Amino acid sequence: MTTEHLQTSNSSDPTEADRMAALRRHDILDTAADQRFDRIVALVQNICRVPIALVSLVDADRQWFKAKGGVDVDQTALDTSVCALAIRQRDVFQIDDLAVDPRTKAMSLVTGEPHIRFYAGAPLVTRAGQALGRAPSNQMHLLVSRAG
């Protein structure tokens, strides 16, 4: 699991431009719910015993949820997106306490509802190697429940 400094998406980066082009080619943004993705989210929630699981696609200015469990919104801005930090990683990305990590501690989803504390996400990568998004799972109040 990595703890190196990450940057959010940068549209001037040629690699980012390729990633965005791949995302557009897949024509999946803003599409209807799909039971296959919904089953993945339910499986992650059940196996990992987490209240929030998502299939998140990182667009130029937002992350959009193709499938979601434990949240009511369909998208969030990138400034609240841990997935936007993790998108350049080719492996599982994990932050044990978002409230103390300098990259995430000021994010509104950490400081306010739903008070996300833990993040782990696996990349969604095309056959050509472009990461389109993440499949994250989040545990709210993880450290509080361990301390209690």
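Of the 148 residues of this protein, 46% count as buried, where buried means under 20% relative accessible area, exposed means over 50%, and partly exposed lies in between, with a 1.4 Å probe and protein chains only. Please keep in mind that this is a predicted model, in which local features need pLDDT of at least 70, side-chain atom pairs count only at pLDDT 80 or more, and totals for chains, interfaces and linings use all residues. Residues are numbered from 1 along each chain as its sequence is written, and side-chain values use heavy atoms, with hydrogens and water left out.

Let me turn to the overall layout. The protein has five helices and six strands, taken as DSSP runs numbered from the N terminus, with at least four residues (H or I) for a helix and at least two (E) for a strand, and the order from the N terminus is α-α-β-β-β-α-β-α-β-β-α.

Now to the interior. The largest nonpolar core, meaning a set of buried Ala, Val, Leu, Ile, Met, Phe, Trp, Tyr and Cys residues joined through side-chain atoms within 4.5 Å, has 20 residues, and those with the most contacts inside it are Val58, Val82, Phe93, Leu98 and Tyr119. Strand E1 (52-58), helix H3 (82-86), strand E4 (93-95) and strand E5 (116-125) each supply at least two residues of this core, with H3 giving the most, namely five residues. Apart from this core lies another, of eight residues, among them Leu29, Leu57, Trp64 and Leu132. If we take valine 82 and leave aside its neighbours within four places in sequence, its contacts (heavy atoms within 4.5 Å) are with Phe93, Ile95, Leu98, Thr104, Met107 and Tyr119.

What about strand E1 itself? Seven of the seven residues of E1 are buried; Ile52, Leu54, Ser56 and Val58 point one way from the strand, whereas Ala53, Val55 and Leu57 point the other way. E1 pairs with strand E2 (residues 62-69) in the antiparallel sense over six bridges, pairing being called when DSSP finds at least two bridges between two strands. The two strands form a hairpin with three residues between them, and valine 58 stands opposite glutamine 63 in E2.

Finally, helix H2, which covers residues 35-48: its 14 residues should span 20 Å, because the expected span is 1.5 Å times one less than the number of residues, and its end C-alpha atoms are indeed 20 Å apart. H2 is followed by arginine 49, whose phi is positive, near 55°.
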